[in-house]
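Open your viewer and get ready to click along. At each stop you will select a few residues and look at what surrounds them.

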Amino acid sequence: MHHFKNNKALFIFLFGIFFLQNIFAQKNYVEGHIVTFENDTLSGFIDYRNWKKNPRFISFRKIKESDAVVYSPKEIKGFEVGEEIYISSSLKIETSPIKLKELTDNKEFLYTYEMVFLQTLIKGDKGLYLFRNKTKSQFYIFENGSFDLLEYKRYTFNDQGGKLLRENKTYLSQLGQYLSDCASLQRTLKDTKYTIKSLENLFEFYYDCSSSVVEFQKKSKKPIYHVGLVAGGSMSILRFKKGNRSSFVKDKNLAPSYNFTGGGFLEVVLPRNFQKWSFYSELLYTQYSIAFEEENTTSTLGLYYDLAYIRLNNMVRYHYYLNDLKLFVNAGVSFGVTVKYNSYQSDESKLPAIFGEISSTKPTPRGTLIEFGGLAGVGLKFNKFSAELRYEKGDESQSFALLRLPSHRFFFIIGYHF
């Protein structure tokens, strides 16, 4: 219970970081244009959200300072923004469930109709289009003046041994007819899965096979990798707590230990959500030294520790854009291995040396070589440089001289990525 209370604030931070997208929701008006049903093209600025699902509406401004006008698929013919093209269309949408526990033995398709913004994946003589909602992704081709759904469904089959998974792959025969002017396509077609990557590969094979030219293809966004170095200072604060057989009679606050820290990092920036989220891994050298004395009526007791760690820190990081600056917050866990351990305990008697030695020095019982902790921090980025203030709460696994030794560390770290 005591350990939980000490970490309560950190747990709240870890929980709250995942809601920062809603707290720091930003408008992102970038250059784009809309096309009216009268085929007029209006240039301006569109609130581009790097959509994971096809948007139900968009916000448009002729100039950035003007009031926004909201358009639905029923009001415009389409729009283009952020290297993405959307077309308004009334689509046939398959509504069967896709989760394994919700599948039935009905292999027939279930449909509804809806006016949506349909995303262009490949545009040319043969086109591929995507509609993605909160349930699933569905793909379309354009033929004879309309968008046709590529039909795919998973269902169950009752066998004597139980339920088996089956697939209705009507889309393969549809694609075979649609791309029939490429005779060598069949071998690639039979291995084509109902995914963006697999279908794009099929269409790329078709365009290489035929004399057709691709007018547009949506670029796949990939993670960005940053490798760099960090260096700075740390302030370690430790508090001894009385053990069952401790010579120390009460809790003590020790003077902070100020030390150098440094290492390297790898940051993987996720491509969606405007690259606001990333995974950050860091290999860091840390150390601290403490010296403590306590006097009583008969003796002076002393403890000395000099420890160093190699720590692997893994964090989730969120970025908030402030013009040329990026504010970031991160939180995660730390795993440390001891690489240096020097310690001793002294006992100097104040009594006359009647019975022999009046002082002694001996090594302390060795603590565990591994320490776990929780991390939270906030910082700023500018170009390739970063500066961060970080807090780390270590566990109480380090039991020195029969005393629990939880640690609190504060870091100021400067980083540079190549």
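Counting ring pairs whose centres lie within 6.5 Å, the program finds 22 aromatic pairs here. Select F79 and Y86 to see one: the ring centres are 4.9 Å apart and the planes meet at 15°, so this pair is stacked, since planes under 30 degrees apart count that way. F79 and Y86 are both buried. Keep in mind that you are looking at a predicted model.

**Stop 1: a tilted pair**

Now select Y391 and F410. Their rings are 5.2 Å apart from centre to centre, with 45° between the planes, which makes the pair tilted. Colour the strands next: Y391 sits in β22 (residues 385-394) and F410 in β25 (residues 407-417), so the pair ties together parts that are 19 residues apart in sequence. Are these two residues buried or exposed? Y391 has 24% relative accessibility and counts as partly exposed. F410, at 36%, also counts as partly exposed.

**Stop 2: a cluster and two charges over rings**

Go back to F79 and Y86 and add Y48, W51 and F117 to the selection: together these five form one aromatic cluster. Y48, W51 and Y86 also turn up, with F60, in a core of twelve residues.

Then look for charged side chains on ring faces. K92 lies over the face of Y111, 4.5 Å from the ring centre. R317 does likewise over Y280, at 4.1 Å.

While R317 is selected, add K276. The C-alpha atoms of these two are separated by 8.0 Å, although their positions lie 41 residues apart along the chain. K276 is found in the loop between β16 (257-269) and β17 (277-295). Its relative accessible area is 7%, so K276 is buried.

**Stop 3: helix α6**

Select residues 196-209, which make up helix α6. How far apart should the ends of its 14 residues be? At 1.5 Å a residue the expected span is 20 Å, and the end C-alpha atoms are 20 Å apart, which agrees.

Within α6, highlight S198, L199, E200, L202, F203, Y206 and Y207, the buried residues of the helix. As you look at how they are placed, remember that an α-helix has 3.6 residues a turn, so residues three or four places apart point the same way. Next, show what covers them: among the covering elements are β7 (111-123), β8 (128-132), β9 (137-143) and α4 (170-178).

**Stop 4: the largest nonpolar core**

In soluble globular proteins, nonpolar side chains tend to be buried together. The largest nonpolar core in this model has 31 residues, and L91, L128, F139, Y140, L150, L175 and F203 touch the most other members. Elements giving two or more residues to this core include β6 (84-94), β10 (146-149) and α4. Helix α6 gives the most, with five residues.

Pick L175 and show its neighbours. Leaving aside residues up to four places away in sequence, L175 touches I141, L150, L189, L199, L202 and F203.

**Last stop: the whole chain**

Zoom out. The chain has six helices and 25 strands, and buried residues make up 43% of its 418 residues. Among contacts with a separation of 6 or more, 61% join residues 24 or more positions apart. Switch on the surface to finish: the chain exposes about 23400 Å², and carbon and sulfur atoms supply 56% of that area.

How values were computed
Residues numbered from 1 in each chain as written. Predicted model: local features only at pLDDT ≥ 70, side-chain atom pairs only at ≥ 80, totals over all residues. Heavy atoms only, no water. Phe/Tyr/Trp six-rings, centres within 6.5 Å; stacked < 30°, edge-to-face > 60°. Buried < 20%, exposed > 50% of the residue type's maximum accessible area, 1.4 Å probe, protein only. Helix = DSSP H or I, 4+ residues; strand = E, 2+ residues; numbered from the N terminus. Lys NZ or Arg CZ within 6 Å of the ring centre and 35° of its normal. Expected span 1.5 Å × (residues − 1). Contact = heavy atoms within 4.5 Å. Core = buried A, V, L, I, M, F, W, Y, C linked by side-chain atoms within 4.5 Å. Areas by Shrake-Rupley, 256 points an atom, 1.4 Å probe, with all protein chains shown as cover.
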